[in-house]
Amino acid sequence: MQILSLFDGASCTQLALRRLGIHVSSYYASEVDKHAIKVTQANFPNTVQVGDVRNVNTDTLPIHIDLVVAGSP
């Protein structure tokens, strides 16, 4: 499954998917907080950071997205 997470935070969605036994082949995260990004990359080093949600263009991502999740503040 290919995931795009908007307002990713510390990437709790990845933790939930893992606990549910859902295989994630690609995870793209839109986050701007440097501390949240640091936590995500420490726990899920294969996460692809795509930056500010206002600049995300799904047409430029190299894959088809199966699921979009968001945790808007």
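Accessible areas come from the Shrake-Rupley method with a 1.4 Å probe. On this basis, the accessible surface of the protein, which is described here from a predicted model, comes to about 4700 Å², and 55% of that surface belongs to carbon and sulfur atoms. Of the 73 residues, 30% count as buried.

The confidence of the prediction averages a pLDDT of 93 over the protein, and 100% of the residues score at least 70. Among the secondary-structure elements, confidence is lowest in strand S4, residues 67-70, where the mean is 94, and highest in helix H2, residues 34-43, where the corresponding value is 97.

The secondary structure comprises two helices and four strands, and these elements follow one another from the N terminus in the order β-α-β-α-β-β. With regard to overall dimensions, the radius of gyration of the protein is 11 Å, which agrees with the value near 11 Å that a compact globule of 73 residues would have. When taken along the principal axes, the box filled by the C-alpha atoms is roughly 30 × 30 × 20 Å. The contact pattern was examined for residues at least 6 apart in sequence, and 57% of such contacts join residues that are at least 24 apart. As for the charged groups, the protein carries 5 positive and 6 negative charges, and the mean positions of these two sets are 12 Å apart.

Two residues in the loop between strand S1 and helix H1 deserve separate description. Phe7 lies in this loop, with S1 spanning residues 2-6 and H1 spanning residues 12-19, and the backbone of Phe7 has a positive phi of about 55 degrees although the residue is not a glycine. Ser11 is also placed in the loop between S1 and H1, and for Ser11 the phi is again positive, at about 65 degrees, although Ser11 is not a glycine either. The accessibility of each residue can be assigned from its relative area: Phe7 counts as partly exposed because its relative accessibility is 31%, a value that falls between the limits of 20% and 50%, whereas Ser11, with a relative accessible area of 0%, is buried.

Helix H1 itself contains Arg19 and Ala16. Arg19 has a relative accessibility of 70% and therefore counts as exposed, while Ala16, at 38%, counts as partly exposed. Both residues were also considered in terms of their separation from positions far along the chain. The C-alpha atom of Arg19 is separated by 22 Å from that of Ser72, the two residues being 53 residues apart along the chain. For Ala16 and Pro62, which are 46 residues apart along the chain, the separation between C-alpha atoms is 24 Å.

A further position is found in the loop between H2 and strand S3, the latter formed by residues 48-49, where Asn46 is placed. Asn46 has a relative accessibility of 73% and so counts as exposed, since the term applies to values over 50%. The C-alpha atoms of Asn46 and Ser30, which are 16 residues apart along the chain, are separated by 14 Å.

Technical notes. Residues are numbered from 1 along each chain as its sequence is written. This is a predicted model: local features need pLDDT of at least 70, side-chain atom pairs count only at pLDDT 80 or more; totals for chains, interfaces and linings use all residues. Side-chain values use heavy atoms; hydrogens and water are left out. The radius of gyration is taken over C-alpha atoms; the globule rule is 2.2 Å times the number of residues to the power 0.38. Buried means under 20% relative accessible area, exposed over 50%, partly exposed in between (1.4 Å probe, protein chains only). Contact means heavy atoms within 4.5 Å. Lys and Arg count as positive and Asp and Glu as negative; His and the chain ends are not counted. The place of a charge is taken as NZ of Lys, CZ of Arg, CG of Asp or CD of Glu. pLDDT is the predictor's confidence in each residue, from 0 to 100.
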